Amino acid sequence: MVEGYELVEYRDPKGRPFWELTTSTVNSQFQKMLTDPKKKLAARKMIDQISKIYDYGLKVASGTSKLRCIDSKIGLYELKGFDGANREMIYAICQGVDKIVLLFWFKGHQGSGNISKEIERAKRLAVIARQLLETER
């Protein structure tokens, strides 16, 4: 555990792992999405987007409207297109085996187009996600 955070592992339909960075392994944000009847479809669409990243790789996926690279040096990306204005900040690396960590969900397209607060938070969480992935090896 780093700074009170843990990784919860999930699998895409092909059995490839992805993680969620959370402070509560019992009641995390993604777990809530999976169990909420109104958000379950959005969670499935997000998993489909993650599968496509695994299928085609970060570079190809970043060339689409579904994944935006925010900071390639630290592996910070914005996952889009799974549920309207909803977005997910993710930490993703491609070093032999791709690894994706869900950082947090937020609303995009709220008029200003300014997500600088989310980016600053995501940068800090990406570092924590990297540290936790390194300790799992």
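Biologist: What percentage of the 137 residues in the chain is buried?

Modeller: This is a predicted model, where local features need pLDDT of at least 70 and side-chain atom pairs count only at pLDDT 80 or more, while totals for chains, interfaces and linings use all residues. Residues are numbered from 1 along each chain as its sequence is written, and side-chain values use heavy atoms, with hydrogens and water left out. Buried means under 20% relative accessible area, exposed over 50%, and partly exposed in between, with a 1.4 Å probe and protein chains only. For the 137 residues in the chain, the buried share is 45%.

Biologist: In what order do the elements of the chain run from the N terminus?

Modeller: Elements are DSSP runs numbered from the N terminus: helices are H or I with at least four residues, strands are E with at least two. The chain has three helices and six strands. Read from the N terminus, the order is β-β-α-α-β-β-β-β-α.

Biologist: Which residue in β2 is the bridge partner of Val-8?

Modeller: Strands pair if DSSP finds at least two bridges between them. β1 (residues 6-11) and β2 (residues 17-22) run antiparallel and are joined by six bridges. In β2, Val-8 has as its partner Glu-20.

Biologist: Which residue in the turn of the β1 and β2 hairpin has a positive phi?

Modeller: Five residues sit between the two strands of this hairpin. One of them, in the turn, has a phi of about 85°. That residue is Gly-15.

Biologist: How many of the six residues of β2 are buried?

Modeller: β2 is largely enclosed by the rest of the structure. Phe-18, which lies in strand β2, has a relative accessible area of 0%. Of the six residues of β2, the buried count is five.

Biologist: Which residue forms an edge-to-face aromatic pair with Phe-18?

Modeller: Rings of Phe, Tyr and Trp (its six-membered ring) pair if their centres lie within 6.5 Å; planes under 30 degrees apart count as stacked, over 60 as edge-to-face and the rest as tilted. The whole structure holds three aromatic pairs; Tyr-10 and Phe-18 are stacked, at 5.6 Å centre to centre with 25° between the planes. The edge-to-face pair has 6.0 Å centre to centre and 75° between the planes. Here Phe-18 meets Phe-30.

Biologist: Why does the pair of Phe-18 and Phe-30 tie together parts that are apart in sequence, and how far apart are they?

Modeller: Phe-18 belongs to strand β2, whereas Phe-30 belongs to helix α1 (residues 29-35). Phe-30 counts as buried, at 3% relative accessibility. Because the two rings sit in these two elements, the pair ties together parts whose separation in sequence is twelve residues.

Biologist: Which residue forms a salt bridge with Lys-14?

Modeller: A salt bridge is a side-chain nitrogen of Lys or Arg within 4 Å of a carboxyl oxygen of Asp or Glu, and the count comes to seven. Lys-14 and its partner meet at 3.2 Å, N to O. Lys-14 lies in the loop between β1 and β2 and its partner in helix α2 (residues 40-62), so the pair ties together parts 41 residues apart in sequence. The partner is Asp-55.

Biologist: Is Asp-12 buried or exposed?

Modeller: Asp-12 forms a salt bridge with Arg-16, with the closest N and O atoms 2.8 Å apart. The relative accessibility of Asp-12 is 4%. Therefore Asp-12 counts as buried.

Biologist: Which residue meets Arg-68 in a salt bridge?

Modeller: The N to O distance is 2.7 Å. Arg-68 lies in strand β3 (residues 67-71) and its partner in strand β4 (residues 76-83), so the pair ties together parts ten residues apart in sequence. Arg-68 is partly exposed at 35%, whereas its partner is buried at 5%. That partner is Glu-78.

Biologist: At which residue does α2 bend?

Modeller: The expected span of a helix is 1.5 Å times one less than its number of residues. α2 has 23 residues, and its end C-alpha atoms are only 25 Å apart, short of the 33 Å that a straight helix would reach. The bend, taken as the angle between axes fitted to the seven residues ending at a residue and the seven starting there, is about 110°. The residue is Tyr-56.
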